[in-house]
Amino acid sequence: MKKKMIPFNKAKTYDQEFLRNFRILKKKTNYSACGYYTKKCEKWINRNLKTKFSVMTHSCTAALEMAALLLDLKKNDEVIMPSYTFVSTANAFVLRGAKPVFIDINVENLNIDINQIEKAITKKTKAIVIVHYAGMSCEIDKVKKIAKKRNIYLIEDAAHSILAYYKNKPLGSFGDFATLSFHESKNMHCGQGGALLINNQKFIRRAKIIRDKGTNRDQFSKNLVSKYSWVDVGSSFALNEILASFLYPQLEKAKKNTKIRVSIWNSYYGLFKKYVKKGYLDLPTQNDYSQHNGHIFFVILKNKRKDFINFFKKRGINCLFHYTPLHNSIAGKKFSISKKIINTNDISNRIVRFPIFSDKKILSKKYFEEIKFYLEEYFK
Ligand SMILES: Cc1ncc(COP(=O)(O)O)c(C=O)c1O
């Protein structure tokens, strides 16, 4: 009998809870946005991620676009970010006419190389975006210090990092803005969704308007104005209530599922460690300051990635590579500035990600016995 493929990701659903919530929604007759479940999700985020204010959006991409709008960027303003990230991190700013300035990542945990930030700052620099890759963080205190000294905004692309911490404080609570993703590939999901977290009070009022097509409908819903109208730029950025009602049970179970993911991550780490000593691969460095959430388990191979991925695929384990560096892409070359980038080019050719999701029936003891056996076979 052919062995079933272990998928790279298996998005969880809470069917009973979703159906119960849907029945509640039907009684409330508000399926569109900014209603009962949106408020519950926002409350959960503010409480658990220690953020001042949050806005549910239809994606992390939308949240990044909102941040770019709120910053009022002008043509050719510059935004420093790593090249090793998803396209939306950069595209959101390009849509405003600004230029991403790509810098390198560190080899320890693939976060932005903070030593390169100051050198990339010019008079046109308006913001720094840090991406908490795989739910790990850079030394945020140091980046915050630079941002403060140079009067530059800080944005955390926290698409990977819900319930991960820097010095015991949740990621998402450090920047002027942070953005979350609830895409099905993330630790908690609603198919596709996101949130903009705002820690800088001065952006809160306008964020409510920009999310709602540039209208003051939020004030209208609170009886603060007699009718709502067009008051600013904006778009339809909100998450719909049906998806928020799907997401809320995921958030309620988020802590438990994060623990499961971290324990699966630790099982991989335990097995791969010996191959670091033997010189076949590298693993992320676990820093005292960064407490990850088991979003991605990756290894950096010394060579022959294609052979390695094919070897595991043939044995029913779906391993994947990750980002293609943005500075090398067609749009990246057209719209951005790139600094000296070495690690990004190198790592992107050598990284391999293993399946990880919060299901110990599939990623079981037996599964890890198989991984152990296959690693011995591959590296014999
Ligand atoms: C670092 C990063 N930022 C932003 C995004 C965009 O997220 P979404 O699909 O929710 O728009 C992704 C998607 O995976 C990502 O990896």
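Lys-169 lies over the face of Phe-174, 4.6 Å from the ring centre. Keep in mind as you look around that this is a predicted model. A second charge-over-ring arrangement involves Arg-315, whose charged end sits over the ring of Phe-311 at 3.6 Å from the centre.

**Rings against rings**

The aromatic pairs in this model come to 35. Take Tyr-166 and Tyr-289: their ring centres are 5.7 Å apart and the planes meet at 65°, so this pair is edge-to-face, given that anything over 60 degrees counts that way. The two tyrosines come from distant parts of the chain, 123 residues apart. Tyr-166 belongs to strand E6 (residues 165-166), while Tyr-289 is in the loop between strand E10 (281-282) and strand E11 (290-291). Are the two tyrosines buried or exposed? Tyr-166 is buried, with a relative accessible area of 2%, whereas Tyr-289, at 21%, counts as partly exposed. The cut-off for buried is under 20%, so Tyr-289 does not qualify.

Phe-308 and Phe-354 make another edge-to-face pair, with 6.1 Å from centre to centre and 75° between the planes. Phe-308 is in helix H11 (residues 305-314) and Phe-354 is in strand E14, so the pair ties together parts that are 46 residues apart in sequence. Phe-308 is buried at 0% relative accessibility, and Phe-354 is buried at 0% as well.

**The sheet around E14**

Phe-354 leads us straight to its strand. E14 (residues 351-354) is covered on both faces: Ile-351 and Arg-353 are buried on one side, Val-352 and Phe-354 on the other. The strand is part of an open sheet of three strands in the order E10-E12-E14, with antiparallel pairing. E10 and E14 are the edge strands, each pairing on one side only.

Going through the pairings, strand E12 (residues 297-301) and E14 run antiparallel over four bridges, and Phe-298 stands opposite Arg-353 of E14. E10 and E12 are also antiparallel, over two bridges. There, Leu-281 has Leu-301 in E12 as its bridge partner.

**Helix H10 and two of its residues**

Thr-258 is in helix H10 (residues 254-277). With 8% relative accessibility, Thr-258 counts as buried. Where does its side chain reach? The side chain of Thr-258 gets to the backbone oxygen of Ala-254, at 2.7 Å. Beyond its neighbours within four places in sequence, Thr-258 is in contact with Leu-163, Met-188 and Asn-293.

Tyr-269 is in H10 too. Leaving out neighbours within four places in sequence, Tyr-269 touches Leu-283, Pro-284, Gln-286 and Phe-297. Tyr-269 and Phe-297 are 28 residues apart in sequence, with their C-alpha atoms 8.2 Å apart in space.

**Around the ligand**

How many residues surround the ligand, and which come nearest? There are 16 around it, and Thr-61, Asp-157, Ser-181, Lys-186 and Tyr-323 come nearest. Here are some side chains with an N or O atom by a ligand oxygen:

| Side chain | Distance to an oxygen atom of the ligand |
|---|---|
| His-160 | 3.0 Å |
| Ser-181 | 2.7 Å |
| Lys-186 | 2.7 Å |

**Helix H3**

Thr-61, one of the nearest residues to the ligand, also turns up at the start of helix H3. Ser-59 caps the N-terminal end of H3, with a side-chain oxygen 3.5 Å from the backbone nitrogen of Thr-61. The helix (residues 60-70) is mostly covered, with 10 of its 11 residues buried. Among the buried ones are Cys-60, Ala-62, Glu-65, Met-66 and Leu-70.

What covers them? The elements over the buried residues of H3 include strands E1 (53-57), E5 (153-157), E8 (177-181) and E9 (194-198), together with helices H4 (87-94) and H7 (204-211). After H3 comes Asp-72, whose phi is positive, near 55°.

Conventions
Residues are numbered from 1 along each chain as its sequence is written. This is a predicted model: local features need pLDDT of at least 70, side-chain atom pairs count only at pLDDT 80 or more; totals for chains, interfaces and linings use all residues. Side-chain values use heavy atoms; hydrogens and water are left out. Buried means under 20% relative accessible area, exposed over 50%, partly exposed in between (1.4 Å probe, protein chains only). A polar contact is a pair of N or O atoms within 3.5 Å; within protein, one must be able to donate a hydrogen and the other to accept it, and residues adjacent in sequence count only if both atoms are side-chain atoms. Contact means heavy atoms within 4.5 Å. Two strands pair if DSSP finds at least two bridges between them. Rings of Phe, Tyr and Trp (its six-membered ring) pair if their centres lie within 6.5 Å; planes under 30 degrees apart count as stacked, over 60 as edge-to-face and the rest as tilted. A charge sits over a ring if NZ of Lys or CZ of Arg is within 6 Å of the ring centre and within 35 degrees of the ring normal. A residue is near a molecule or strand if one of its heavy atoms lies within 4 Å of it.
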